[in-house]
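Hi everyone, thanks for making time this morning. I'd like to walk you through one structure, so please have a look at it first.

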Amino acid sequence: MTEPPRLVKADELDVEVYWRAPDRSKQVILGWRDGAFLPTDINYHRDHLGIVTNNFGDLIRIGEGDEVRDAVHPLSSEGLTAYDYALSDSLAIRTADGEVTVYQVQVRPRSFTRPLVVGILYIDVATAELVRFRFSFTPAAYLDRQLEDISIVLESALYENRYWLPRRQEVEIRRRVTWLDFPARGIIRGRWEIGDYDLNYNIPPGLFQGPAIGGLLQARKSDSTWSEPLEQAIAGVAQPVNQQDMEALRAEIERLAGFRALGGLSSKRLAAGSISDLVRVNRVQGLTLGFGGIVGLKGTRIQFRPTISYGTSDHRVGGALTAGWSMGAMGLSLGASRRVVDFSDLPVIAPVVNSLLSQEAGEDHGDYVLLNAVELGIRRRLGGRTSLGLSLGIEESQSVAVDASPAAGSYRANPPLGSGTRRVARLNLERASGGFAVRRDLQGRVALEVGEGSGDYVRATASGRWVASLGGSALLSRVYLGVGSDRLPPHRSFAIGGRGTLVGEPFRAFGGRSVALAHLEWRFEVPVPALNLGSFASTGRRMTLAPFVSAGYAAQPLPGLPWVRTGGIRPVAGVALEWFMRLLRVEAGVGLRDGGLGVTVDINRDWWGLL
């Protein structure tokens, strides 16, 4: 789940909060607007729509008690016997009236079988007031079995040099299905900015009557009281959220928990890396069926992941067994696998679409190799978005032939990509996406690979994706660079052209031991009529247009493989449109050197990893 999350629905609320010592509060929703960016019928618990008062009090409840109920607060009287505390740091906060010393206290349960929290408290030394609280929960705290985890940040600011009052609050609730480990999750992310305090206000006693959160019960469809469009407001709060980075918080919490598991999901589930892991079609294996599972050692973060697959045309059994362990920012894995895979680093089509085209039209957009491998890997998170990975393994590559027949048309031959056994070491540095709705974002990956055995080689690649907002439009670019040494094995070579890389050129016509590929598009939205698809879905009222230019270069082709050098740069120009809430993408491109025309229809590449 390395792709940036897709925004499904966004809500913005204006809430007036009343509070009276010691613990009486009332919240009134004065304004509420929402927008759907994908088909959804999502609803919220009422307490998701208001802020946290009194730092939750002695007992923490979330989702009106349906998600978390009565988790003991570390600063309550009962918490003193339920938790272990460790003073980890101190910091000084300078104000106009002097300096405030704050202690950073780590807290974790004495028993992880109880509904408790794991986190970090920041406490004013002089007043013992809670300044900041970052935390998550033990597995026993989650009452909803679909909950993967909940992460919360509460921050206060000092007013009149006397009162620590809420300033910013964030919550992230992650859910997944209970019976299947699949790389997709639903995320509810809330962010509150609290200010405009009126202190020592005379609150009428009757105001506290009724529900704790009153006011509007649903969003107003036509509310003109907001100062900016919802999309602009989302972008305004997304950047600080991503700087906070809940991934970094989760890594910090995992480190505090040691070897103990923190997620609320079952440790034993069926598993699939994508829909195509369950069923797919290609020209080598034909119809291929597979499934997998996940078995975790209870109470620990040690997991075993077995998978198996069977090709009905080549009668080849494949699969893998991987053991993984993680603690905080570090993860270890050891696995063995036997897989038929497309050789290229560059995905060019949604796997589900490729299966349909392979079966019905004889158009398979993959070139396959059989890999038998044993690998030991380690990954270390260097920051909220950056990670470093190292793997050592033994890998055998074998050529595979076409064994299937399509319903119509005929398959092209599969190139000979096998070349024997090698010892392989891989090192990579990766920067993940900053999240959704960011105005500017840069993600990328740099990798170095060294092989020794039946032909020693070195291979290096760099890829990047950059997006920047330009008023009501955006620029998006992708770059891929690759180079290999003289004895680079065929299945580690490069190929470009056609669908997914250079629309308008022949498919994978160019390749070799070195390659460069660049793509730049200007994205803007235009209004279109919406088609109603039911009570909670439509095709959307806007379509994205994206004029683009691409260019590719390839050199040093390998003998016996069908791709050749480009003979210079191969430029392409075209236009893409994305419709149905950006789920579908159509591209039309023209090769500027030869005048070739190409048109593709596909699912948006943001979803390819799931398909």
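**A hairpin, its neighbours, a helix and a pocket**

Let's start with a turn: E15 and E16 are joined by a hairpin through three residues. Before I go on, please keep in mind that this is a predicted model.

So how do these strands pair? E15 covers residues 279–282, and four bridges join E15 to E16, the two running antiparallel. If you want a spot to click on, take Arg-280, whose bridge partner in E16 is Thr-288.

E16 itself spans residues 286–296, and four bridges also join E16 to strand E14, residues 268–271, again in an antiparallel arrangement. Here Ala-271 stands opposite Gly-292 in E16.

Then there is strand E17, residues 302–311. How many bridges join E16 to E17? Seven, and these strands run antiparallel too. One pair to look for is Val-295 with its bridge partner in E17, Phe-304. The hairpin of E16 and E17 has five residues between the strands, and Gly-299 in that hairpin takes a positive phi near 80°.

Now let me move to a helix that brings us back to E15. Helix H5 runs over residues 351–361, and Val-353, Asn-354, Ser-355 and Ser-358 in H5 are buried. What covers these buried residues of H5? The cover includes E15, along with strand E20 (368–381) and strand E32 (597–603). Just after H5 you reach Gly-362, which has a positive phi of about 70°.

Last stop: a pocket. Rolling a probe the size of a water molecule over the atoms shows where empty space is left. The second largest pocket has a volume of about 520 Å³. Its lining is made up of 21 residues, and those nearest the centre of the pocket are Lys-9, Asp-11, Asp-34, Ala-219 and Lys-221.

Which strand gives the most to that lining? That would be E2, with five residues. E2 covers 24–36, and both E2 and strand E1 (9–20) supply at least two residues of the lining.

For those of you who think in side-chain chemistry, the lining of this second largest pocket divides into nine charged, eight nonpolar and four polar residues.

To recap the strands, E16 is joined by bridges to E14, to E15 and to E17. E15 also turns up in the cover over the buried residues of H5. Thanks for listening, and I'm happy to go back to any of these places on the screen.

Methods: Residues numbered from 1 in each chain as written. Heavy atoms only, no water. 1 Å grid on protein atoms, 1.4 Å probe; cavity = no way out; pocket = protein on both sides within 12 Å on 5 of 7 lines; lining within 4 Å. Points joined across faces, edges and corners; volume = space filled by probe spheres on them. Nonpolar A, V, L, I, M, F, W, Y, C, P; charged D, E, K, R; others polar. Pairing = 2+ DSSP bridges. Buried < 20%, exposed > 50% of the residue type's maximum accessible area, 1.4 Å probe, protein only. Contact = heavy atoms within 4.5 Å.
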